[in-house]
Every structure is written in structure tokens, then in C-alpha cells.
Amino acid sequence: MSAPTAGAQPASPTVAFDTARSWLGFEVRTRFGQRLAGEFPRYQGAVEHLPDGNHRVRLRIATSEAMIPDRPRYTSWMRSQSFFDAIRHPWMEFVSEPYAPSLLHDGGPLRGRLSLRGVTRDVELEVAPAGCARPGLECDIQVSGAIERADYGMREWQFALADQVHLEVRVRLQETAP
């Protein structure tokens, strides 16, 4: 086993999302061609550095604060029992499977479990290749994917809404002290 190089420090066990510079959003399309673009202004996210060198993401999103900007009626509907059911289920949670740190540079699938409205399912999101040397610090980590509303009990409004909810995440991480 080689000695650590001068100035090297052990990996921080957890790095939090920088909530001031990150953004989480969603989009639902109507069957009439309209796009309802929303965002999640309140969330808690972190990247865990696991002992084997892999990482894991943990993310809690406040569905109770989901919003469609400048559309208060749609915002109220998104939080209602018909969609996120935010009164009974104020949080959505995602926990990734362990992944190699190179995923953030190279891009590729990020698998994990999403809990929404009391239902937990396996999901696969897509990480875009990074445009910088230190993803999350020098540039956004961009993640996208889609879930089926029916998989999480959101069966109302089938005649008006497409079943897919598209998710879009741009993450910045908090800089750790040297």
C-alpha cells in the first residue's frame, strides 16, 4: 500500500447539493400539446462517498412546494390529491444505486429507487457527459429521465394529461474546505 501523496486528503464522506445553484424541475404534457413546466424549489440532496470508492446520491424533494411558475391554479392542482398528493405525501425521495465517480464525467445511466405517493419503484435516469473537469463544482451535473404517472397511483386526468412526467435536474455541489 502506497503512502498518500503530499497534500492529499481523504474523500469527504458526504457532499451536499448547493441549493442556491442547483435546480430541479419537471414537465407534464397535456394531450392538447400544452407543456406544463414546473420546479421543486425545496429539496435536500447529497452525494455519499462510499468506502469502496463508489458514490451514492440521496435526494428528498418537497412535493408540498412543487410549483408551476406564474400559474397558481396549476400549482394547486399539482400539489393536490390528483397529482403529488402533497398533504399525505409531502416528500418524494430518490436513492441511487452505488455508481463509479466516472459516471459524472462520461455520462450514462443512474439507477435507483424513487418513492412517490407511498410507492417505491426502480427508475433509471440519464446523466449527461460533463463539460468540465470537476462536475458539480465547475459545471452542472445534468440528469434527466421520465416516470409514468400510473406507476405511482396518479391515474386521474388520463384524458387530459400524458402519462409521462419528465424530470430534469441541474446539480451543483458545495465546495468542501481544503
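Begin by selecting the hairpin of S4 and S5, where five residues lie between the strands and Gly-53 takes a positive phi near 95°. The names S4 and S5 belong to a numbering from the N terminus, in which helices (H or I, at least four residues) and strands (E, at least two) are DSSP runs. What you have open is a predicted model, in which local features need pLDDT of at least 70 and side-chain atom pairs count only at pLDDT 80 or more, while totals for chains, interfaces and linings use all residues. Residues are numbered from 1 along each chain as its sequence is written, and side-chain values use heavy atoms, with hydrogens and water left out.

**From the hairpin to the next strand**

Stay with the hairpin and display the backbone of both strands: S4 and S5 run antiparallel and are joined by seven bridges, where two strands count as paired if DSSP finds at least two bridges between them. Selecting Val-47 shows a residue that stands opposite Val-57 in S5. Now move to the other pairing of S5, with strand S6 (residues 91-96), which is also antiparallel and extends over five bridges. Here Leu-59 has Phe-94, in S6, as its bridge partner.

**The cavity**

Keep Leu-59 and Phe-94 selected, and add Leu-125, Val-143 and Val-169, since these five are, of the 25 residues that line the largest cavity, the closest to its centre. A cavity here is a set of points, on a 1 Å grid over the protein atoms alone, where a 1.4 Å probe fits but cannot get out, and lining residues have an atom within 4 Å of a point. The space in the largest cavity comes to about 320 Å³, a volume being the space filled by probe spheres set on the points, which are joined across faces, edges and corners. A search of the whole structure finds one cavity of 30 Å³ or more. Which strand gives the most to the lining of the largest cavity? Select S10, which supplies four residues of that lining; strand S2 (23-30), S5, S6, helix H2 (103-106), strand S7 (108-116), S8, S9 and S10 each supply at least two.

**The nonpolar core**

Next, select Phe-26 and Met-78, which touch the most other members of the largest nonpolar core, a group of 39 residues. Such a core is a set of buried Ala, Val, Leu, Ile, Met, Phe, Trp, Tyr and Cys residues joined through side-chain atoms within 4.5 Å, and buried means under 20% relative accessible area, exposed over 50%, and partly exposed in between (1.4 Å probe, protein chains only). Strand S10 (residues 161-171) gives the most to this core, with four residues.

**Helix H1 and the loops around it**

Turn to H1, in which Thr-75, Trp-77 and Met-78 are buried. Viewed down the axis of H1, the buried residues fall within an arc of 165°, so they line one face of the helix; the arc is that of the directions from the helix axis to the C-beta atoms. Pro-72 and Arg-73, on the other side of H1, are exposed.

In the loop between S5 and H1, select Asp-70, a residue other than glycine whose phi is positive, near 65°. Asp-70 counts as exposed, at 76% relative accessibility. Then go to the loop between H1 and S6, where Asp-85 is found, and where phi is again positive in a residue other than glycine, near 50°. Is Asp-85 buried or exposed? At 5% relative accessibility, Asp-85 counts as buried.

**Salt bridges**

Leave Asp-85 displayed and add Arg-88, since the two form a salt bridge whose closest N and O atoms are 2.9 Å apart; the term covers a side-chain nitrogen of Lys or Arg within 4 Å of a carboxyl oxygen of Asp or Glu. Arg-88 is exposed, with a relative accessible area of 59%. The structure holds 13 salt bridges, and another to select is that between Glu-65 and Arg-42, at 2.8 Å from N to O. Glu-65 lies in the loop between strand S5 (55-62) and helix H1 (72-79), and Arg-42 in the loop between strand S3 (35-39) and strand S4 (43-49), so the pair ties together parts that are 23 residues apart in sequence.

Finish with Asp-140 and Arg-172, whose side chains meet in a salt bridge of 2.7 Å, N to O. This pair links distant parts of the chain, 32 residues apart, with Asp-140 in the loop between strand S8 (119-127) and strand S9 (141-148) and Arg-172 in the segment after S10.

Definitions and conventions: On a 1 Å grid over the protein atoms alone, a cavity is a set of points where a 1.4 Å probe fits but cannot get out, and a pocket is an open set with protein on both sides within 12 Å along at least five of seven lines; lining residues have an atom within 4 Å of a point.
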